[in-house]
Amino acid sequence: MPQNEHMELWRKRYGHRLDHFERKRKKEAREVHKRASFLQKVTGAKAKRAHKARYQEKAELRKRIKAHEEKQSSVKKADTGPKHAVPAFLMDRENVDRAKILSNTLKQKRKEKAGKWDVPIPKVKAMSEDEMFKVVKTGQRRSGQWKRMINKCSFVGENFTRKNPKYERFIRPMALRFKKAHVTHPELKTTFYLPIIGVKKNPQSRMYTNLGVITRGTVLEVNTSELGLVTPGGKVVWGKYAQVTNHPENDGCINALLLV
């Protein structure tokens, strides 16, 4: 292994700090203000270079925005003259080609993806780490503070094998583990008690998704084989997505709405 990859190897083994992405977001947000104050204060040849680089960035950004925009463009036909006599009622009309400028395939895919994720609760209140985790002190003198106990409900798969408790970083209490959810079908207006297959997306963080933490607004995958749903081709639908609509840690159960 090359010597310069020790950081990548460490990250692969142990992951990021708990607040890594929050610190990164804040740093990126500060960069804008830092650059603005620098451009206001800088003088001389350095200012010329900085403003030239900024102008090029803006020009590139404008090009990109223009490429992604969808708009109607009217292109007039070249006036070649009519081959035959034009009726009087068509004399005052201009020959115009309406051309639709379509965006690239990337934007189309993004739109399709956004259409799929039309969920009942589009926005949820952000949670702090103190609310999500409890610090578990370890060691003879209780000086180690690297362990975390999850205060929220979680889902653990059938084939889950717990690590050695000494080395387990995230502790998911048995009392807060759920395997089934009360899923309501919006069209049938009926609630079913269905097994959970997995946590598809937790809006709070990607890390919570990987840990299987279930909070309000989380999208779950549930086993819908009991409902008898079939595709147009006649195949049975085994799994569908459902969004959690309550606070499971307060209610002691998971209530979700099926995404039809």
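## Strands that pair up

Two strands count as a pair if DSSP finds at least two bridges between them. Keep that in mind as you look around this structure, which is a predicted model. A good place to see it is Val183, whose bridge partner in β12 is Ala256. Close by in the sequence, His182 has a bridge partner in β12 too, namely Asn255. Both contacts belong to the link between strand β7 (residues 180-185) and strand β12 (residues 255-258), which run parallel and are joined by three bridges.

## The closed barrel

Now for the bigger picture around β7 and β12. Five strands make a closed barrel, running β7-β8-β10-β11-β12, and the pairing in this barrel is mixed. On average, neighbouring strands of this sheet are turned by 50 degrees against each other, if you ignore direction.

You've met the parallel link between β7 and β12. On its other link, β12 is joined by three bridges to strand β11 (residues 239-244), and here the two run antiparallel. Ala242 is a handy marker for this part of the barrel: it stands opposite Leu258 in β12. Leu220, in turn, stands opposite Ala242 in β11. Strand β10 (residues 219-223) pairs with β11 over five bridges, in the antiparallel sense.

Take one more look at β12, because its residues sort into two faces. Ala256 and Leu258 make up the covered face, while Asn255 and Leu257 make up the uncovered one. So Ala256, the bridge partner of Val183, is on the covered face, and Asn255, the bridge partner of His182, is on the uncovered face.

## A small open sheet

There's also an open sheet of three strands, in the order β3-β4-β6, again with mixed pairing. Its edges are β3 (133-138) and β6 (170-171); each has a single partner strand, so one side of each is left without a neighbour in the sheet.

Strand β4 (residues 144-150) pairs with β6 in the parallel sense, over two bridges. To find the spot, look for Arg148: its bridge partner in β6 is Phe170.

## The largest pocket

Next, the empty space. The largest pocket holds about 1400 Å³ of it. There are 35 residues lining this pocket, and the closest to its centre are His16, Arg17, Leu18, Phe21 and Met207.

Which helices supply at least two residues each of the lining? They are α1 (6-14), α2 (20-41) and α6 (206-211). The largest share comes from α6, with five residues. As for chemistry, the lining divides into 15 nonpolar, seven polar and 13 charged residues.

## Two cysteines, no disulfide

A disulfide is a covalent bond between the sulfur atoms of two cysteines. How many disulfides does this model have? The count comes to zero. Cys153 is in no disulfide, and the nearest cysteine sulfur, that of Cys253, is 9.1 Å away. Cys253 is likewise in no disulfide, with the sulfur of Cys153 as its nearest at 9.1 Å. The cut-off for a disulfide is a pair of sulfur atoms within 2.5 Å, which is why this pair doesn't count as one.

Are these cysteines buried or exposed? Cys153 is buried, because its relative accessible area is 0%, where buried means under 20%. Cys253, with a relative accessible area of 22%, is partly exposed.

Notes. Residues numbered from 1 in each chain as written. Predicted model: local features only at pLDDT ≥ 70, side-chain atom pairs only at ≥ 80, totals over all residues. Heavy atoms only, no water. 1 Å grid on protein atoms, 1.4 Å probe; cavity = no way out; pocket = protein on both sides within 12 Å on 5 of 7 lines; lining within 4 Å. Points joined across faces, edges and corners; volume = space filled by probe spheres on them. Helix = DSSP H or I, 4+ residues; strand = E, 2+ residues; numbered from the N terminus. Nonpolar A, V, L, I, M, F, W, Y, C, P; charged D, E, K, R; others polar. Axes fitted to C-alpha atoms, helices over the stretch in contact; angles between N-to-C directions. Buried < 20%, exposed > 50% of the residue type's maximum accessible area, 1.4 Å probe, protein only.
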